[in-house]
Amino acid sequence: MSNMIRRTFVAMSVAAMAATAPIGAMAQDNPVIASVVFQGDQFMQFLQTGIRDKAEAAGAEVLEINIDGDLAREIQAIDTYIARGVDAIVIAPVSAKDSAPALKRAREAGIIVIALNGGLEDGSIANATFSTANRDLGASTGGAAAAFISETLGGKANVATLAFSSLLPEQSGDRTGGFKDAVVEGNTINIQSEQDAWMPEAAVTVATDILTAHPDVNVIYAANEGGTVGAMQAVLNAGRAGEVFVFGIDGSKQLGQGLLAGNNVLQAVTAQAPIMMGAMGADAALKVMAGEVVEAQTTVPALLLSRTDPDGVTNFLESIQ
């Protein structure tokens, strides 16, 4: 399975990142797809790249917006798209629960709704949902951490976690829960601190504070890209490389380079496939427009990237050039 997934990653080519387009006038003759994400990290940029490339290749116009974690702004954008009569909204919702009412209005207005990256609690709203099981993401990284702790740390570790429960409690809880369940296998684990920090700058500060307050922490798990980047930097800033080891979620150029770096800080991450996910979402929207039946729920595969497999990391980095 991992080789197949790796080939899929390698086969994907990232188009040059276009500037985020404002909500604008729609073409009259081509279908119009609105692409909505909730933050501007590389994962979300890649998600919109997948949507854009697939939709534009089919002749559709794409309207893009990043609502920067602001639910009110998301609702306003959706209502604007409803008023303008777009054909489809492909969205990574900021909240599985609170994003639902506005998207329900879109469906009632005859707009196709495709949910990405976790979807909505109410499964009746989206025509289709594409996501990677968040508990599986955490469990994948947790399994890698369990093996590392057993082989390198004598089966014992003091662990701190960085999550995003105040932003997306369901996703964050599943990722962290999956990690915790897997990392204890065969090991004695002491969770010394659990904090929220999902953007790099905040994560550096939070992880630095954790290392100061809990000097015995020797493993940090971060539940997303920003938290992982921040944790790596905090360890380096503290001069603790080779003493504190980082495990995370998501794949990016910076995380791939971290796995190949000689500092031995970042040990493993589980990367999602955002370009694939975005393309699948746009493709589903186009198929529904054409009257085709699509699967209601689709799980998009993920890929474990580890310091112990540098060739796999290199292949991943080549796939996102």
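## A negative surface patch

A surface patch, as the term is used here, consists of residues with over 30% relative accessible area and no salt bridge, like charges being joined within 9 Å. In this predicted model, D98, E121, D122 and E170 make up a negative patch of this kind.

One of these four residues, E121, can be placed in the fold: E121 belongs to the loop that runs between β4 (112–116) and β5 (128–131). The relative accessibility of E121 is 52%, and this residue is therefore classed as exposed.

## Helix α8

Helix α8 comprises 13 residues, numbered 225–237. From its first C-alpha to its last the helix reaches 18 Å, which is close to the 18 Å expected at 1.5 Å a residue.

Ten of the 13 residues of α8 are buried, so the helix is largely enclosed by the rest of the structure. The buried positions begin with the run E225, G226, G227, T228, V229, G230, A231 and M232, and they also include A234 and V235.

## Positive phi angles at two aspartates

D68 is not a glycine, yet its phi is positive, at about 55°. The residue is located in the loop between β2 (61–66) and α3 (71–84). With a relative accessible area of 53%, D68 is exposed.

A positive phi is also found at D250, where the value is about 95° although the residue is not a glycine. D250 sits in the loop connecting β9 (245–249) and α9 (253–260). In terms of accessibility, D250 counts as buried, because its relative value is 4% and the cut-off for burial is under 20%.

## Salt bridges involving D68 and helix α3

The model contains nine salt bridges. In general, side chains of opposite charge can pair when their charged atoms come close. One of the salt bridges returns to the loop residue D68, whose side chain meets that of R73 at an N to O distance of 3.3 Å. R73 is partly exposed, with a relative accessible area of 32%, whereas D68 is exposed, at 53%.

A further salt bridge joins D79 and R105, with the closest N and O atoms 3.0 Å apart. D79 lies in helix α3 and R105 in helix α4 (residues 100–108), so this pair ties together parts that are 26 residues apart in sequence. Both partners are partly exposed: D79 has a relative accessible area of 32%, and R105 has one of 35%.

## A salt-bridge network at helix α10

Within helix α10 (residues 274–289), K287 and D283 are four residues apart, which means that about one helical turn separates them. This spacing can be set against a general property of the α-helix: with 3.6 residues a turn, residues three or four places apart point the same way. The side chains of K287 and D283 meet in a salt bridge, with an N to O distance of 3.2 Å.

K287 is partly exposed, at 32% relative accessibility. D283 is likewise partly exposed, with a relative accessible area of 22%. The pair is not isolated, for salt bridges that share partners join K54, D283 and K287 into one network.

Note on methods: Residues are numbered from 1 along each chain as its sequence is written. This is a predicted model: local features need pLDDT of at least 70, side-chain atom pairs count only at pLDDT 80 or more; totals for chains, interfaces and linings use all residues. Side-chain values use heavy atoms; hydrogens and water are left out. Patches are made of residues with over 30% relative accessible area and no salt bridge: like charges are joined within 9 Å, nonpolar side chains (Val, Leu, Ile, Met, Phe, Trp, Tyr) within 5 Å. Accessible areas come from the Shrake-Rupley method with a 1.4 Å probe; for residues, only the protein chains shown count as cover. A salt bridge is a side-chain nitrogen of Lys or Arg within 4 Å of a carboxyl oxygen of Asp or Glu. Lys and Arg count as positive and Asp and Glu as negative; His and the chain ends are not counted. The place of a charge is taken as NZ of Lys, CZ of Arg, CG of Asp or CD of Glu. Buried means under 20% relative accessible area, exposed over 50%, partly exposed in between (1.4 Å probe, protein chains only). The expected span of a helix is 1.5 Å times one less than its number of residues.
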